Amino acid sequence: MDRYKILVVDDHPKFLKAFEFMLMDSFPEKIEQIAFAQNGEECLEELKENIYDIVFMDIDMPIMNGISATQKINELYRDIKVIALSLHSDLKYMIKMIEAGARNYLVKDDINKEKLEEAMNA
């Protein structure tokens, strides 16, 4: 079974901790590593240094937002699966992230184990 190296990009430390707990609690056998970045720029720096399978990407962040970071990831690292994570349930944000290259879009308030598993396996 493949084990995932995951990068979570979000500027809210409390969300990062809660999301890490949810991932580790839900999929302990599927996760090799979880790392974090606070914005799109940090994410791209981290991707220069380390290889990841999945990037969970917030949209609204300082310095570089998730849409710009997702576009860059898709230009530079075609094998990385980007999954958008946002409080926005508005269709326009979903469209922007999918157009930027995200393979799935999860609304933070609606995240559960089943939706995470579906997004990670898509």
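The following paragraphs walk through the strands, the aromatic rings and a few loop residues of this predicted model.

The structure is a prediction, and local features are described where pLDDT is at least 70, side-chain atom pairs count only at pLDDT 80 or more, while totals for chains, interfaces and linings use all residues. Residues are numbered from 1 along each chain as its sequence is written, and side-chain values use heavy atoms, with hydrogens and water left out.

A good place to start is strand β3. Helices (H or I, at least four residues) and strands (E, at least two) are DSSP runs, numbered from the N terminus. Strand β3 is mostly covered, as five of its five residues are buried; buried means under 20% relative accessible area, exposed means over 50%, and partly exposed lies in between, with a 1.4 Å probe and protein chains only. Side chains leave β3 in two directions: I54, F56 and D58 point one way, and V55 and M57 point the other way.

Strand β3 has partners in β1 and β4. Two strands pair if DSSP finds at least two bridges between them. Strand β1 (residues 4-9) runs parallel to β3 and is joined to it by four bridges, with L7 opposite V55. On β4, five bridges make a parallel pairing with β3, and K81 is the bridge partner of I54. To get from β3 to β4 the chain passes through α3, and this β-α-β crossover is right-handed. The term right-handed applies if, with the strands pointing away from the viewer, the path from the first strand over the helix to the second runs clockwise.

Strand β4 also pairs with β5, again in the parallel sense, over four bridges. Here L85 has L106 as its bridge partner in β5. Together, β4, helix α4 (residues 91-100) and β5 form a right-handed β-α-β unit. In β5 (residues 104-107), N104 and L106 point one way and Y105 and V107 the other way, and all are buried.

The aromatic rings come next. A pair of aromatic rings is described by the distance of the centres and the angle of the planes. Rings of Phe, Tyr and Trp (its six-membered ring) pair if their centres lie within 6.5 Å; planes under 30 degrees apart count as stacked, over 60 as edge-to-face and the rest as tilted. By this rule there are two aromatic pairs. The rings of F15 and F19 are stacked, because their centres are 5.4 Å apart and their planes stand at 15 degrees. Both residues lie in helix α1 (residues 13-26), four residues apart, which is about one turn of the helix. F15 counts as buried because its relative accessibility is 17%, and F19 is buried with a relative accessible area of 2%. The rings of F19 and F56 have centres 4.9 Å apart and planes at 75 degrees, so this pair is edge-to-face. The pair links distant parts of the chain, with F19 in helix α1 and F56 in strand β3 (residues 54-58), 37 residues apart. F56 is buried, at a relative accessible area of 0%. Ring pairs thus link F15, F19 and F56 into a cluster. A charge joins the picture too: the charged end of K108 sits over the ring of F15, 4.2 Å from its centre. A charge sits over a ring if NZ of Lys or CZ of Arg is within 6 Å of the ring centre and within 35 degrees of the ring normal.

Finally, some loop residues are worth a visit. N39 is in the loop between β2 (31-37) and α2 (40-49) and counts as buried, at 5% relative accessibility. Contact means heavy atoms within 4.5 Å. Leaving aside neighbours within four places in sequence, N39 is in contact with V9, M61, P62, I63 and M64. A polar atom of the N39 side chain also lies 3.0 Å from the backbone nitrogen of E41. I63 belongs to the loop between β3 and α3 and is exposed, with a relative accessible area of 65%. Although I63 is not a glycine, its phi is positive, at about 70 degrees.

R78 lies in the loop between α3 (66-76) and β4 (81-86) and counts as exposed, at 58% relative accessibility. Not counting residues up to four places away in sequence, R78 touches I73 and R103. R78 and G101 are 23 residues apart in sequence and 9.4 Å apart in space, C-alpha to C-alpha.

How values were computed
A polar contact is a pair of N or O atoms within 3.5 Å; within protein, one must be able to donate a hydrogen and the other to accept it, and residues adjacent in sequence count only if both atoms are side-chain atoms.
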